Amino acid sequence: MEEFHKVRRLPPYVFEQVNRLKASARAAGADIIDLGMGNPDLPTPQSIVDKLCEVVQDPRTHRYSTSKGIPGLRKAQARYYERRFGVKLDPDAQVVATLGSKEGFANMAQAITAPGDVVLCPNPTYPIHAFGFIMSGGVIRSMTVEPDDSFFYSLERAVRHSIPKPLALILNYPSNPTAHVADPDFYKDVVAFARRHDIIILSDLAYAELYYCDTPPPSVLEVPGAIDVAVEFTSMSKTFSMPGWRMGFAVGNERLIAALSRVKSYLDYGAFTPIQVAATTALNGDGSEIEMVRDTYRRRRDVMVESFANAGWDVPAPQATMFAWAPVPERFREIGSLEFSKLLIEKADVAVAPGVGFGEYGDDYVRIALVENEHRIRQAARNIKRFLASKDESMQNVVQLNTRR
């Protein structure tokens with residue numbers, strides 16, 4: 001039978017191929033060190049868990065919640081933005097709770113996209129940034145990822161040559177998967193461009209608190225006038241080690257927040273109320289939990305960079321996020337990131353995410369997630385060292401080395 005229209009527009013899910021191979025290897029008894037999915041392994045701080053357990057005892061919290069988020073949670077998010085970024089938000093009109101930033105992006109796409117609308121999207125990037133709009137009937141025009149002059153060159157070209165004029169521009173800094181970080185001057189220029197050309201800015205700031213330099217990553221909403229054109233998405237998944245709780249936010253322009261809220265009101269009743277109350281406790285905390293999470297990932301990053309270099313694979317140290325964007329070793333560049341990722345599972349018992357899964361311009365890289373402890377990261381490095389020391393002939397029965405081009 002012919003596939004449905006929206007399903008037909010989606011490419012094969014690259015990560016599923018790696019996941020199947022990983023599951024098969026584990027079923028055969030292999031000890032796979034999984035550095036693929038960005039699934040935090042750290043426990044949610046106990047104070048947040050305790051608040052959930054307390055509130056869930058009240059049967060009144062077992063009823064439907066509100067898709068927009070309980071008032072206390074929205075107020076807590078507004079206070080967080082004022083503390084962290086110096087940005088004042090109206091919790092009633094400029095903040096909406098989402099079921100993670102991924103759901104927020106997908107439903108924003110549904111809310112604002114008409115068939116054929118052009119959306120400017122970084123490539124490589126987190127898949128929902130592009131496919132949320134593709135599923136909503138939009139058309140993606142790829143942008144460079146680096147927040148430098150090349151970005152504005154591609155931005156100018158996109159506006160000049162896109163028909164119709166682009167509807168929206170997606171930003172993602174600190175970037176998943178590349179870990180690029182933008183500075184305030186970059187955001188000032190982007191906001192000025194967007195206001196001049198009447199383009200919506202959708203900023204994904206999920207990794208705002210996972211940084212390893214002295215200067216915290218900024219918000220686009222810090223730029224005067226950004227609120228006129230921009231909405232920003234954040235998530236509690238990485239910041240507070242709450243990935244399974246599915247708690248995030250969209251904040252910013254009132255018209256866009258209203259559109260998202262209206263779509264969500266037809267599709268969901270919001271997160272379980274005890275989760276929202278516990279998330280409120282997290283946002284109102286002193287930030288010590290955030291610092292502990294950041295320190296853990298910093299230590300893992302340092303161990304990964306050092307041990308992988310000793311294994312013969314030089315990986316640039318990311319300045320933010322829980323990921324490293326690692327060039328595929330030159331010896332394997334021709335086979336592409338997907339086949340190289342398969343080789344790592346089969347020959348080194350290590351799983352990573354192929355860069356091509358984040359866009360065609362990511363195919364010379366793999367993404368390494370810092371979701372295993374330091375001991376396991378060192379073990380992965382030892383496995384990889386043995387793999388890289390093996391002879392090319394031993395690889396021929398796995399993949400033909402001329403299959404990519």
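Let's start where two helices meet: Val14, Gln17, Val18, Leu21, Lys22 and Ala25 of H2 are in contact with Leu338, Ser341, Lys342, Ile345 and Glu346 of H12. By class, the residues of this contact are six nonpolar, two polar and three charged. Bear in mind that the model you are viewing is predicted.

How are the two helices arranged? Helix H2 covers residues 14–27 and helix H12 covers residues 336–348; they pack at an angle of about 10°, and their axes lie 10 Å apart. Angles under 35 degrees count as roughly parallel, and H2 and H12 are therefore roughly parallel to each other. As for handedness, H2 passes H12 in a right-handed crossing.

Now for a pocket. The second largest pocket holds about 220 Å³ of space. Its lining is made up of 15 residues, and those nearest the centre of the pocket are Tyr80, Arg83, Glu209, Gly287 and Ile290. Helices H4 (71–85), H10 (273–283) and H11 (288–310) are the elements that each give two or more residues to this lining. H11 supplies the largest share, with four residues.

The table sets the make-up of the two sites side by side.

| Site | Nonpolar | Polar | Charged |
|---|---|---|---|
| Contact of H2 with H12 | six residues | two residues | three residues |
| Lining of the second largest pocket | six residues | two residues | seven residues |

If you want to look around the pocket in the structure, Tyr80, Arg83, Glu209, Gly287 and Ile290 mark the part of the lining nearest its centre.

Methods. Residues are numbered from 1 along each chain as its sequence is written. This is a predicted model: local features need pLDDT of at least 70, side-chain atom pairs count only at pLDDT 80 or more; totals for chains, interfaces and linings use all residues. Side-chain values use heavy atoms; hydrogens and water are left out. On a 1 Å grid over the protein atoms alone, a cavity is a set of points where a 1.4 Å probe fits but cannot get out, and a pocket is an open set with protein on both sides within 12 Å along at least five of seven lines; lining residues have an atom within 4 Å of a point. Grid points are joined across faces, edges and corners, and a volume is the space filled by probe spheres set on the points. Ala, Val, Leu, Ile, Met, Phe, Trp, Tyr, Cys and Pro count as nonpolar, Asp, Glu, Lys and Arg as charged, and the others, Gly among them, as polar. Axes are lines fitted to C-alpha atoms, for helices over the stretch in contact, and angles run from 0 to 180 degrees between N-to-C directions. Angles under 35 degrees count as roughly parallel, over 145 as roughly antiparallel, 65 to 115 as roughly perpendicular and the rest as oblique. A crossing is left-handed if the near helix is turned anticlockwise from the far one by less than a right angle, and right-handed if clockwise. Contact means heavy atoms within 4.5 Å.
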